[in-house]
Amino acid sequence: MCFEPVCPRKERDPCIGLTTYMIMGYHYHLLGWPTDEVRLHIAEGYLPVSHCLGWTIASAPFAAASVRTITKSTREKPEQRVLLAASGAFVFALTALRLPSVTGSSSHPTGTAVGTCILTPAPMPAMALIVLLFQALLLAHGGITTLGANLFSLGVAGPWAAWVFFRLGRGLGLNDNVSVFAASVTGDLATYVTTAGQLALAFPSGQGGYLASFEKFLGIFLVTQIPIAIAEGFLSVAVVRALSALNKPAWRLSRSVVVER
Amino acid sequence: MIRFRTAAVAGLAVAAMIMLASEHGREGTDDTAKGAIQALRPSYQQWAKPVWTASSPRAESILFAIQAGIGVAVLGWILIRARKGKRSRGGA
């Protein structure tokens, strides 16, 4: 994942750490380690019709706004195209990766924090939509009926949570690397918390209601997700640094906080 | 030009190998969230099916590898190209 020549010297350690983690993880797979897969998206047909419609209506304006933002920014600031492409590519690559975690389950990183830190959360729903459509149609992963719900967790909740923490980190005067790390970990976890919330709303428990059900789904996702979110945090820091080092004029023009320095 | 093409192809190949290597762990996996739904609402019927499902776990792994490969190739191409452009302009 990490391209050695573009990794600033300071960032090599996390890159190496992550690579080692991934290699070790895949060796567990080769040895036939018992694994349970936690899926990033809600599967096709696993949300009631009313919820599918509700989440589609909820995420549609975000998707429309993000398409408009991307169209506008590629027309007015052509130098941002490369950053848009890089952020999209990062989401594309990371959502296809299955990383093993301490619980013996494996799960996916989300990768939306890089684009959020570089370009604000505004263009992220469109990128999430491309990934979700690709996975729903070609990989039988996620689904067309649950597209709205999955778009809300991956493209809206995750990036906005990451953005809040990125701004918060910057506001507190923290180092950019720390802010990006916090944003990435939060964005990843927020995506899964949202998924757990969506499932809890659709399937409240008979005894404990929504809250008990939320806890149950959160338990499935969160424990597996924490180590993966931390690994993703390191990788996001490395990629954001590589991207910010290479394209200074674009940074100054974009609305991102990294630029406002 | 040849260098980033090589890097992109290498990225694709590495991603493919990783995904294929991980295929073993995919056998017998259980979708925990689906299980939890069945536990909470045993009567719930999955009302829609995926439009198309890969015929085998291996085919699915290859498709996932292609997705990761596309992402890694594009990102690597951008980073390497920008790095080269900066060097040719005399930047650090």
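## A buried alanine to start with

Let's begin with one residue: Ala140(A) is buried, its relative accessible area being 15%. That value counts as buried because the cut-off is under 20%. Keep in mind as you look around that this is a predicted model.

Where does Ala140(A) sit? You'll find Ala140(A) in the loop between α5 and α6 (147-171) of chain A. Ala140(A) comes after α5(A), and its phi is positive, near 50 degrees. Why stop to look at that? Most residues other than glycine have a negative phi. Ala140(A) is a residue other than glycine, yet its phi is positive.

## Another positive phi

Now slide back along chain A to Thr120(A). Thr120(A) isn't a glycine either, but has a positive phi of about 70 degrees. This threonine belongs to the loop between α4 (113-119) and α5 (124-138) of chain A.

Is Thr120(A) buried or exposed? With a relative accessibility of 6%, Thr120(A) counts as buried.

## Helix α5 and a nonpolar patch

Helix α5 of chain A runs from residue 124 to 138. How far should its 15 residues reach? At 1.5 Å a residue, they should span 21 Å, and the end C-alpha atoms of α5(A) are indeed 21 Å apart, so the two values agree. Several residues of this helix are tucked away: the buried ones include Met124(A), Pro125(A), Met127(A), Val131(A), Leu132(A) and Phe134(A). Among the others on that buried list are Ala126(A), Ala128(A), Gln135(A) and Ala136(A).

Leu133(A) also lies in helix α5 of chain A, but Leu133(A) is partly exposed, with a relative accessible area of 32%. It belongs to a nonpolar patch on the surface, together with Leu137(A), Leu138(A), Ile144(A), Val51(B) and Trp52(B). So which chains supply residues to this patch? Its members carry the letters A and B, and their accessible area together is about 510 Å². Leu133(A) can join because patch residues need over 30% relative accessible area, and Leu133(A) has 32%.

## Helix α3, mostly covered

Next, take a look at helix α3 of chain A, residues 81-95. It has 15 residues and reaches 21 Å from its first C-alpha to its last, close to the 21 Å expected at 1.5 Å a residue. How many of the residues in α3(A) are buried? The count is 13 of 15, which makes this helix mostly covered.

## Links between residues

How many salt bridges does a search of the whole structure find? Over all chains, there is 1. Asp176(A) pairs with Arg170(A) in a salt bridge, and their closest N and O atoms are 2.2 Å apart. The two partners fall into separate classes of cover: Asp176(A) counts as buried at 15% relative accessibility, whereas Arg170(A) is partly exposed at 23%.

Then there's Ser244(A), in helix α8 (residues 209-246) of chain A. Its side chain reaches the backbone oxygen of Arg241(A) at 3.1 Å. Ser244(A) is buried, with a relative accessible area of 13%. For some background, residues three or four places apart in an α-helix point the same way, because there are 3.6 residues a turn.

Finally, try Tyr192(A) in helix α7 (residues 176-202) of chain A. Tyr192(A) is buried, with a relative accessible area of 0%. The C-alpha atoms of Tyr192(A) and Leu154(A) are separated by 8.4 Å, although these residues are 38 apart along the chain.

## Stepping back to the two chains

Time to zoom out. Chain A has 9 helices and 3 strands, and from the N terminus on its elements run α-β-α-α-β-β-α-α-α-α-α-α. Of its 261 residues, 60% are buried. Among contacts in chain A between residues at least 6 apart in sequence, 76% join residues at least 24 apart. The accessible surface of chain A is about 10,100 Å², with 68% belonging to carbon and sulfur atoms.

Chain B has 4 helices and 0 strands, running α-α-α-α from the N terminus on. What share of its 92 residues is buried? Here the figure is 37%. For contacts in chain B with a separation of 6 or more, residues 24 or more positions apart account for 83%. Chain B's accessible surface comes to about 5,200 Å², and carbon and sulfur atoms make up 64% of that.

Terms used
Residues numbered from 1 in each chain as written. Chains lettered and ligands numbered in written order. Predicted model: local features only at pLDDT ≥ 70, side-chain atom pairs only at ≥ 80, totals over all residues. Heavy atoms only, no water. Helix = DSSP H or I, 4+ residues; strand = E, 2+ residues; numbered from the N terminus. Buried < 20%, exposed > 50% of the residue type's maximum accessible area, 1.4 Å probe, protein only. Contact = heavy atoms within 4.5 Å. Areas by Shrake-Rupley, 256 points an atom, 1.4 Å probe, with all protein chains shown as cover. Patch = residues over 30% accessible without salt bridge, like charges linked within 9 Å, V, L, I, M, F, W, Y side chains within 5 Å. Salt bridge = Lys/Arg side-chain N within 4 Å of Asp/Glu carboxyl O. Polar contact = N/O pair within 3.5 Å; in protein donor to acceptor, adjacent residues only side chain to side chain. Expected span 1.5 Å × (residues − 1).
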